[in-house]
Each structure stands twice: as C-alpha cells, then as structure tokens.
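Here is a friendly walk through one structure, from its strands and helices to its open and closed spaces. Have a look at it first, and then read on.

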Amino acid sequence: MPLLDIKNLKLDFLSGETGLRAVDGVSLSLDAGETVCLVGESGCGKSVTALSIARLVPTPPAKYVGGEILLNGRDVLKMSPAELEQIRGGVVSYVFQEPSASLNPVIRVGKQIKESLKLHRPERATDEEVIRLLKLVRIPAPESRIRNYPFEMSGGMQQRVMIAMALASEPKLLIADEPTTALDVTIQAQILELLLDLKQRLGMSILLITHNLGIVGDIADRVAVMYAGQVVELAPARELLRHPLHPYTKALMNSVPKLNGTAMRLEAIPGNVPRIGNFPPGCRFYPRCPSAQPECANTMPELVEVEPKRWVRCLYAK
C-alpha cells in the first residue's frame with residue numbers, strides 16, 4: 001500500500017457562486033522511502049495539490065469537489081479537525097519556499113523549533129533535542145545558533161532551520177515546496193544534497209515541488225509534470241529526463257541550460273499558462289504546443305499508460 005495515494009483529486013476556488021477548477025483529476029502515489037518531484041510552471045497547481053494533502057487549503061474559498069487523498073490508507077478529505085491535527089506534522093510535514101517569510105522574525109529559532117516539538121513530541125521539547133536537530137541539518141555551532149533570530153542567519157541557514165522544524169515531529173512524508181527558491185546555486189545544491197541524505201538516514205518519503213527540471217535528476221525516483229491543473233506526464237526520473245514524451249515536458253527540458261551546448265539563447269515556451277476558469281476546451285497545452293494538430297483543439301486527452309510505469313496525457317505522444 002502506498003504511503004500517499006491521491007486519486008482523481010478535484011478542487012475548485014469559489015468566485016461568487018462559480019467554482020473555478022484549480023486541480024482537475026490529479027492522481028499521484030508515493031511509496032515509503034520514495035522521492036517524487038512535482039514539476040511545472042508557476043500557476044499550474046503544484047502547490048495547491050501539495051497543500052491539499054494535509055487539507056491546508058482554506059475552505060472557503062476552496063472546495064474539494066471530488067477524489068480521495070489516502071494517507072496511510074486513510075482518506076484525509078473525511079478526517080475530523082482532531083484527526084487532521086494529528087497528521088499535520090505527525091505524519092506529513094512541510095518546508096515552504098521563502099524561509100524568511102515562514103519564520104517568525106521576533107522569535108529565536110531555537111524556540112520556534114521547540115514549539116513543533118511541544119506539539120508532537122512534548123517529552124523531547126528540550127534544548128538538547130533542538131541542538132540535535134540543528135546538527136542533523138548541518139548547522140555549525142548549534143549551541144549558539146539556537147539563540148539567533150532569523151534575520152541573523154543567511155537564506156540557506158534559514159532554510160535548514162525550516163527543515164529542522166519539519167523533522168522535529170519525525171514525519172513519514174516531507175513535502176518541500178520550492179525549497180531552493182531565492183538561494184544561489186551553491187546553496188541550492190547543498191539543500192538538495194541535505195534532503196537526499198536525510199531521506200536515506202531517516203527512511204522518510206519526499207515530495208519535492210519545483211519548476212526546474214534541471215534539479216530533479218539527482219534526487220527524484222519519479223517525476224510528475226503538471227500543467228493547468230492536470231498531470232500531463234508521470235514517469236521514472238531517468239527515463240523522463242532521457243526521453244520525455246509530452247510536448248510540454250520536452251519544452252521544459254529545452255528551456256534548461258546545457259553545460260555542453262552551443263546555443264546562445266534558451267528556448268522559451270511561447271505564451272503563458274492559461275488562467276483558472278479560462279482553460280481551452282481540448283488539450284490545455286494546445287495553444288502553446290509546437291506539435292499541435294486540429295484534433296487537439298476540441299479533444300481532451302486522457303492520462304494513459306503508454307509504456308510500463310509511463311503515463312502521458314497527449315493524443316500524439318511518441
């Protein structure tokens with residue numbers, strides 16, 4: 001049984017009496033000890049899907065209109081507030097992007113980590129445990145760092161504090177939403193290496209949200225590509241990076257800088273992700289697709305298994 005099994009999830013944002021579909025039939029599973037990357041441009045529904053796993057999207061304005069989110073075999077969408085409080089942090093923890101906006105600027109980082117311990121492991125809510133967690137995420141001199149305020153730390157150090165806070169409750173699933181945003185490339189590599197090391201040492205699963213396919217090769221077991229609220233391709237990471245099948249995945253790959261390339265300019269994807277409530281009637285990538293055919297304009301493709309463990313939403317994938 002998968003640790004996480006999302007089945008045909010549908011979520012609307014209410015605008016007056018009208019529901020605007022932000023997540024449309026997303027299905028995704030994640031096994032124990034596995035790392036899955038959820039990839040796509042801003043506005044494609046990655047973060048909303050991730051927040052839905054612990055029902056963190058406020059209702060209203062959101063409304064869950066269909067599907068299941070099975071966490072350890074239990075449907076999150078049917079849980080009571082008390083049950084949700086137990087799984088938030090206890091089973092699934094989040095590392096959000098922009099740590100400077102997530103950490104309280106007027107509370108010392110040690111106290112903020114201790115608050116998480118008090119909620120889920122009150123018997124371990126001690127300075128010694130906070131120091132152990134800071135050592136786990138490779139923060140130097142943790143004995144003195146626990147008294148720092150967030151503004152006294154670099155962006156990379158703040159992100160490590162966020163990871164330590166997420167690990168304080170010993171979750172089975174860590175969801176990292178753009179954990180390398182606004183960090184320089186050296187610190188990005190360190191954070192990704194840290195996540196991979198923690199996964200192996202602690203045996204947890206990771207769902208990594210990113211818009212950059214260039215960072216998933218070394219960390220992901222599988223990759224799910226989202227576009228306009230739908231999963232358009234799902235495959236083992238190495239196979240997807242070696243041979244993408246969906247035109248959108250190919251376009252994302254072509255937009256990644258190549259160290260051995262000779263091109264002077266990157267290939268941009270024309271147009272923009274369509275706005276919620278203004279999706280094309282057929283394939284949602286049709287207006288931007290270089291391989292579009294007339295049939296694509298009016299026929300919504302299904303997500304089908306074209307090869308073992310490879311799923312694609314395209315009428316002409318090859």
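## A hairpin at the start

Strand 1 and strand 2 make a hairpin, with 2 residues between them. In the turn, Gly16 has a positive phi of about 70°. Please keep in mind throughout that this is a predicted model.

The two arms of the hairpin, strand 1 (residues 4-15) and strand 2 (residues 18-30), pair in the antiparallel sense, and 10 bridges hold the pairing. To find your place along them, look for Ile6, whose bridge partner in strand 2 is Leu28.

## Strand 7 and its neighbours

Next, turn to strand 7, residues 173-177. How many of its residues are buried? The count is 5 of the 5, so strand 7 is largely enclosed by the rest of the structure. The cover extends to both faces: Leu173, Ile175 and Asp177 are buried on one side, and Leu174 and Ala176 are buried on the other.

Which strands pair with strand 7? Strand 6 runs parallel to strand 7 and is joined to it by 4 bridges. Strand 8 (residues 205-210) also pairs with strand 7 in the parallel sense, over 5 bridges. Leu173 is a handy landmark for both pairings, since Val92 stands opposite Leu173, and Leu173 in turn stands opposite Ser205 in strand 8.

## Helix 7

Helix 7 has 13 residues. From its first C-alpha to its last it reaches 19 Å, close to the 18 Å expected at 1.5 Å a residue. In an α-helix there are 3.6 residues a turn, so residues three or four places apart point the same way.

Is helix 7 mostly covered or mostly uncovered? It is mostly covered, with 12 of its 13 residues buried. Among the buried residues are Gly156, Gln158, Gln159 and Arg160, along with Met157, Val161, Met162 and Ile163. The buried set also includes Ala164, Met165, Ala166 and Leu167.

## The largest pocket

Helix 7 also takes part in the largest pocket, as one of the elements that each supply at least two residues of its lining; helix 2 (81-87), strand 6 (92-95) and helix 4 (109-120) are the others. Which element gives the most? Helix 4 does, with 5 residues.

The volume of this pocket is about 480 Å³. Its lining has 18 residues, and those nearest the centre are Arg88, Gly89, Ser93, Ser116 and His120. By class, the lining is made up of 8 nonpolar, 7 polar and 3 charged residues.

## Aromatic pairs

The structure holds 5 aromatic pairs. One of them joins Tyr149 and Phe151 in a stacked arrangement, 5.8 Å centre to centre and with 5° between the planes. Tyr149 is partly exposed, at a relative accessible area of 24%, whereas Phe151 counts as exposed at 63% relative accessibility.

Another pair is formed by Tyr227 and Tyr248: their ring centres are 4.6 Å apart and their planes stand at 55°, so the pair is tilted. Tyr227 belongs to strand 9 (residues 222-227) and Tyr248 to helix 10 (residues 247-254), so this pair ties together parts that are 21 residues apart in sequence. Both tyrosines, Tyr227 and Tyr248, are buried. Together with Phe285 they form one aromatic cluster.

## Phe285 and two further spaces

Phe285 appears again in the second largest pocket, where it is one of the residues nearest the centre, with Pro247, Cys289, Pro290 and Ser291. This pocket holds about 340 Å³ of space and is lined by 25 residues. Its lining divides into 18 nonpolar, 3 polar and 4 charged residues.

What about closed space? Rolling a probe the size of a water molecule over the atoms shows where empty space is left. The count comes to 1 cavity of 30 Å³ or more, and the largest cavity has a volume of about 60 Å³. Two members of the aromatic cluster, Tyr227 and Phe285, are in the cavity lining. The rest of that lining consists of Gln230, Val232, His246, Cys283, Arg284, Met300, Pro301 and Arg313. By class, the cavity lining has 6 nonpolar, 2 polar and 2 charged residues.

Conventions. Residues numbered from 1 in each chain as written. Predicted model: local features only at pLDDT ≥ 70, side-chain atom pairs only at ≥ 80, totals over all residues. Heavy atoms only, no water. 1 Å grid on protein atoms, 1.4 Å probe; cavity = no way out; pocket = protein on both sides within 12 Å on 5 of 7 lines; lining within 4 Å. Points joined across faces, edges and corners; volume = space filled by probe spheres on them. Nonpolar A, V, L, I, M, F, W, Y, C, P; charged D, E, K, R; others polar. Buried < 20%, exposed > 50% of the residue type's maximum accessible area, 1.4 Å probe, protein only. Pairing = 2+ DSSP bridges. Phe/Tyr/Trp six-rings, centres within 6.5 Å; stacked < 30°, edge-to-face > 60°. Expected span 1.5 Å × (residues − 1).
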